[in-house]
Amino acid sequence: MTQDLASDIAPDRPAPLTNSRKVFIKTYGCQMNVYDSGRMADALAADGYVSTEVMEDADLVLLNTCHIREKAADKVYSALGRLRETKKARAAEGREFMIGVAGCVAQAEGEEISRREPAVDVVIGPQTYHRLPQALQRARTGERVVDTEYALEDKFEHLPDPVKTAGKPRNVTAFLTVQEGCDKFCTFCVVPYTRGSEVSRPLDQIVAEAEKLVANGVRELTLLGQNVNAWHGTAADGSALGLGDLLYRLAEIEGLARLRYTTSHPRDMDDVLVEAHRKLDKLMPYLHLPVQAGSDRILKAMNRRHKAEEYIRLIERIRAARPDIALSGDFIVGFPGETDEDFEATLDLVRRVRYAQAYSFKYSTRPGTPGADLKDQVAEEVKTERLARLQALLLEQQHEFAESCVGKVIDLLLEKPGRMPGQLIGRSPWLQSVNVDAKTSQIGDIIKVRITSTGPNSLFAEVAES
Ligand code: SAH
Ligand code: SF4
Ligand code: F3S
């Protein structure tokens, strides 16, 4: 139903409840939130909601939020302010407009959100979103719902299949959450508080979800977890399994061509996992392995529980197993107490590792984390200057890596239509976007292409003779 029709038919009372309500989901934060947004859309689809990409068309706007840095949470509150105005306008038209807040800000702030922004109808946590339809129903009776208790039941057991409900086939690439939460308690980080303690999904549940995704056309799976390599499970014979074993099991799925996993902690890179990079062809040569800093003093203050040299040695072992691996990392500059010398150690580490890709951030004080109570907070100008220097170095390495691909013949997984007609965008083994001339009917195929040139955010290629 369009907006005009709704106001024509029922100018002074709520629009009739039909089974074609529309939901617009805005996702902030990490890949896990991307996955959760998909699963929330599934849960809502089973309740009669159709997803829309157009906010103005929606009857429900759901913000799936991130709490990792200060700016992330600020963005949510300013978005809510705008939605409050939309809600007022809709109320004048007599049309339902609901606002939901999900994700890590919902978990961390709970009731505070409805207090600060009374227009919010539902606040729902990352572990309770399978109850979203019931929460919305309660909200319709006038209740302001806050459901952020860690649920006793496993949400995955209560969610509809990830592949059937949306009414359209999923992409050729998909995320699959295998592990949630974190027990590492790095002193800067809110994740252990917003996502709770580490939980691994059982092997059978993961395999079943992977098989469904593959049956629906997915060729490349990225396993997700805040600490994905802390995943552990149990085999049928009772023996203990780690992420490496899970990858071997998933690689057996016929039709599945590629596997990846993210995000890993250096402490949990065990031998089986490192060896999987040597032995498993389906495991792509790309690894996101955050180190945060290069100074042992800062690493200790961050509670990362490893030294810089141990990280470098680990990288050497991984490169020995898979020489063409592309490395990616996360960095924080300006952690409390970071001196110029400490920062130089980060630059040194980056020069030694050589990253193909990286993310870097200014330290952001998070309430409730041990880092917030530390003295010696670094001045904003110093953080800004350090971030600029680090990013210049990382960008240089990123360009070097992209340039080194020119002339190579690679396997390209054709993923989606490109910007120009007759063009598709594919994914390289090193997680780069590659533009190539190909037909839409080829989406899902893996073809040989030769990289011809580099662009700012992607590569260009031509089809190579097989
Ligand atoms: N589990 C992952 C990281 C998850 S958070 C790991 O351990 O590596 C993603 C990234 O956000 C972190 O790697 C870190 O670089 C950054 N980050 C987390 N908390 C931050 C904070 N308080 N300030 C700035 N950056 C932060
Ligand atoms: Fe946060 Fe550290 Fe856990 Fe990563 S390992 S999610 S940075 S506490
Ligand atoms: Fe943000 Fe939560 Fe992910 S805080 S980074 S959305 S786990």
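**Exercise 1. Determine which side chain makes a polar contact with the side chain of Lys184, and whether Lys184 is buried or exposed.**

Solution. In this predicted model, where local features need pLDDT of at least 70, side-chain atom pairs count only at pLDDT 80 or more, and totals for chains, interfaces and linings use all residues, the side chain of Lys184 makes a polar contact with the side chain of Asp268 at 2.7 Å. A polar contact is a pair of N or O atoms within 3.5 Å; within protein, one must be able to donate a hydrogen and the other to accept it, and residues adjacent in sequence count only if both atoms are side-chain atoms. Residues are numbered from 1 along each chain as its sequence is written, chains are lettered from A and ligands numbered from 1 in the order in which they are written, and side-chain values use heavy atoms, with hydrogens and water left out.

Next, locate the residue: Lys184 is found in the loop between β8 (179-180) and α8 (191-194), where helices (H or I, at least four residues) and strands (E, at least two) are DSSP runs numbered from the N terminus. Lys184 counts as buried because its relative accessibility is 9%, buried meaning under 20% relative accessible area, exposed over 50% and partly exposed in between (1.4 Å probe, protein chains only).

**Exercise 2. State which residues surround ligand 2, and how the shell divides by class.**

Solution. A residue is near a molecule or strand if one of its heavy atoms lies within 4 Å of it. The residues around ligand 2 are Cys182, Lys184, Phe185, Cys186, Phe188, Cys189, Val191, Pro192, Asn227, His265 and Arg304. Sorted by class, this shell has 7 nonpolar, 2 polar and 2 charged residues, with Ala, Val, Leu, Ile, Met, Phe, Trp, Tyr, Cys and Pro counted as nonpolar, Asp, Glu, Lys and Arg as charged, and the others, Gly among them, as polar.

**Exercise 3. Work out the strand order of the open sheet of 6 strands, and which strands stand at the edges.**

Solution. The order is β2-β1-β3-β4-β5-β6, with parallel pairing; two strands pair if DSSP finds at least two bridges between them. At the edges stand β2 (49-51) and β6 (145-147), each with a single partner strand, so one side of each is left without a neighbour in the sheet. The twist averages 20° from one strand to the next, with axes being lines fitted to C-alpha atoms, for helices over the stretch in contact, and angles running from 0 to 180 degrees between N-to-C directions.

As a final step, consider one pair within the sheet: 2 bridges join β4 (residues 98-102) to β5 (residues 122-124), which run parallel, and the bridge partner of Val101 in β5 is Val123.
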